[in-house]
Structures are given as structure tokens and as C-alpha cells.
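Welcome! Below are a few exercises with worked solutions; keep the structure open beside you as you go.

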Amino acid sequence: VIKCKAAVAWEAGKPLSLEEVEVAPPKAHEVRIKIVATAVCHTDAYTLSGADPEGCFPVILGHEGAGIVESVGEGVTKVKPGDTVIPLYIPQCGECKFCKNPKTNLCQKIRITQGKGLMPDGTSRFTCKGKQIYHFMGTSTFSEYTVVADISVAKIDAAAPLDKVCLLGCGISTGYGAAVNTAKVEPGSTCAVFGLGGVGLAVIMGCKVAGASQIIGVDLNKDKYAKAKEFGATECISPQDFKKPIQEVLAEMTDGGVDYSFECIGNVGVMRAALEACHKGWGVSVIVGVAAAGQEISTRPFQLVTGRTWKGTAFGGWKSVDSVPKLVTDYMCKKIKVDEFVTHTLPFDKINEAFELMHTGK
């Protein structure tokens, strides 16, 4: 058993608490990882807020991390101690019907136990002050050591800077993949990206790599426009600057609507606007943001009858074990940006400050 520091969420709506936790050794087909770097994501904040129907407490949150394998359980063959890895919240077992289908990346092998905050055998590897602590998204990267299933880990280039590539564990991969895998943006197309946080910027990067000719960023926070343009946005607009609905504004700007739109916020009203901003006959809108529990999307069926397509994406459609090492290589070869997404680097004990920076849009 390893004793180490972890940020524990004892209950919903309260700040994280830095505690000493015990991390049990990995069982069969499990891997214990020394986490070197972790990022914070809105999904962590969403669960911490209490809005997540799958949220269980007390829990160790975090799902954008990178580290070094410390030890492996029986039957683990893909990684060994000393390997550099990124934990994966969407695993890839290679055996379930989802893994065998090229149309999806949603491996279901450990979905049930992962959703309950437990390892595949139905137990936890974390204890603190004599209490069992739940796992989160199969990763729990807000701990100096974590245990994950062996199908939830990608071995990456040992030379990669872990304080940067940890972002490929969720946000950047999700946005970038939404453009290149889910929407399959084509050269010369027009795109609109709603929400210019980390995921939105990654979508813009994907649209640019795919050769889009016009990429319009949409956000209320104008402080985000300069960064969006750095990533490839051709222009940025705020819905507050117009009297008419933003979908009408975009339709006027693009001769009838955009070819591709992306919702990167998790707001069901914006999801509708994003769909309706698409061009009749062929426009495709991709939902990337996660809406709160119980919310529903709506539009007039005529929007779809007249040729628009509504899609969604999880982790950008990447089959995780296969794709994450390639994304790391693409970054090392300067094909995709990662460093530019990092605004602040804080010590682990300042994790609550990191959440505050995220909530203020900084």
C-alpha cells in the first residue's frame, strides 16, 4: 500500500480537501500509476457541483493526467513499470462489440463499474481516514498515485512533457476529434464554434487542420477572442452584440448558414442555436458540451427534414488506446498545438485555485 497526497471531494459543492490517502496495490489486469501532472476540466467541476447523476462521494476526481507506471497486477502485458502513460476515461478493450465496430469509440467493457466509481471487480483502491473513497471516470488523476484498469491506459513517447500531454487525456483530443473525426470537416468549408474554452479552441485547431476557409468563434467573453484567432478563428462574435438570434446572424454572415457547427458549452439553448445556424441541405452540428442531468434538446423537426444533421461526440471519436499515442506523436512533430492551451501551472496544493481560474474563464 502506498500512502500519498490526494485531493478528496468529501461532498458535493465543497472545495477539494488535500488528504493523505492509502492506495492499494493493483489487482489482476490493473495498473498503478504515479501521476506526474493533471489538468482540471469542467467535467470535474460538474460532478463536484452535485449536478452529475452518476456522482458519488467521497471521491477522488480528475481525468486529464499523465504519469509513470509504478506497478502492474497479474496478467498485465501492454505496459510495465517505468512506462510513460496517459490514463483513459474511455477504455479500449478491443473485444466488445463497440471496440470491434469502426463507427464508435465507446468501449463498454467496464462501463457499469466505472459509472459507480469502482474498479472492474466492484471495489475501490482508495481509502482515507478509514473510509472507502470512490474512483472517478476510471482515472482519478487528482492523486499522486492512482490505480486504473489495464484497458484504460495508453503508453506514450517517454520524451513527451507530461505537464503538457496530460491535456490529451480529454479536452484537446475531444475538441480536435470532434472536427476531424465526428464532423469530418472538409477543405474550404465554413464552421462556427460556440464556446471558446479549451475544447472550443481545440475544435478551431481541428477545423483549421482540416482546411476550413472560415471559422467563426462565438462567445460572450471577448477576452477569449485573441486566443481563438491565434488557433485559427477567422473572426469572433458575441450574441450580446446583436438584436436578432445568433443563428440568424450566422446565416447572414455565411450565405445561408455554416457547413459545420460545434457546441462546446453544455447549454441546451446554445445546442439549438448551433443546429439552426447550419446550412439547409447539408449542415452538420456536433454536440461536444455536456449538459446538466435531465436537460433536453429541442428544435423544429423541419430543421432536420430539410437536411441538417445533429450529432454528438465523446472523446472526439478517438479509439483511445490506439489514438492517444499517435496524438502525442502529432504534438511532438508540431502537427497539433498543446503548449498553447496551458495558461497557468500551479502546485498540487493549489488545486482549488485552479478550479477558480477555470470558473472565471481565465
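**Exercise 1: two strands side by side**

Strand β3 (residues 30–39) and β9 pair in the antiparallel sense over 5 bridges. This is a predicted model, in which local features need pLDDT of at least 70, side-chain atom pairs count only at pLDDT 80 or more, and totals for chains, interfaces and linings use all residues. Residues are numbered from 1 along each chain as its sequence is written, and side-chain values use heavy atoms, with hydrogens and water left out.

Task: find the residue of β9 that stands opposite R32, then place both strands in their sheet.

Solution:
- Step 1. Two terms help here: strands (E, at least two residues) and helices (H or I, at least four residues) are DSSP runs numbered from the N terminus, and two strands pair if DSSP finds at least two bridges between them.
- Step 2. Look across from R32, and you meet V147 in β9.
- Step 3. Widen the view: an open sheet of 5 strands runs in the order β9-β3-β5-β6-β10, with antiparallel pairing.
- Step 4. β9 (145–149) and β10 are at the edges with a single partner strand each, so one side of each has no neighbour in the sheet.

**Exercise 2: another open sheet**

Task: in the sheet with the order β4-β1-β2-β7-β8, name the edge strands and the bridge partner of K3.

Solution:
- Step 1. The 5 strands of this open sheet pair in the antiparallel sense.
- Step 2. β4 (59–60) and β8 (131–133) each pair on one side only, which makes them the edge strands.
- Step 3. Inside the sheet, β1 (residues 2–9) and β2 (residues 17–23) share 7 bridges.
- Step 4. K3 has E22 of β2 as its bridge partner.

**Exercise 3: two helices meet**

Task: decide how α1 and α12 are oriented to each other.

Solution:
- Step 1. The axes of α1 (residues 42–49) and α12 (residues 351–359) come within 11 Å and cross at roughly 105 degrees. Axes are lines fitted to C-alpha atoms, for helices over the stretch in contact, and angles run from 0 to 180 degrees between N-to-C directions.
- Step 2. Angles under 35 degrees count as roughly parallel, over 145 as roughly antiparallel, 65 to 115 as roughly perpendicular and the rest as oblique. The two helices are therefore roughly perpendicular.
- Step 3. H42, D44 and A45 of α1 meet F355, M358 and H359 of α12; contact means heavy atoms within 4.5 Å.

**Exercise 4: the empty space**

Task: describe the lining of the largest cavity and of the second largest pocket.

Solution:
- Step 1. On a 1 Å grid over the protein atoms alone, a cavity is a set of points where a 1.4 Å probe fits but cannot get out, while a pocket is an open set with protein on both sides within 12 Å along at least five of seven lines; lining residues have an atom within 4 Å of a point.
- Step 2. The largest cavity holds about 60 Å³, and its lining includes I110, H135 and A149.
- Step 3. The second largest pocket has a volume of about 390 Å³, the space filled by probe spheres set on grid points joined across faces, edges and corners.
- Step 4. Of its 23 lining residues, H29, C93, A149, D150 and I151 are the closest to the centre.
- Step 5. This pocket's lining has 11 nonpolar, 4 polar and 8 charged residues. Ala, Val, Leu, Ile, Met, Phe, Trp, Tyr, Cys and Pro count as nonpolar, Asp, Glu, Lys and Arg as charged, and the others, Gly among them, as polar.
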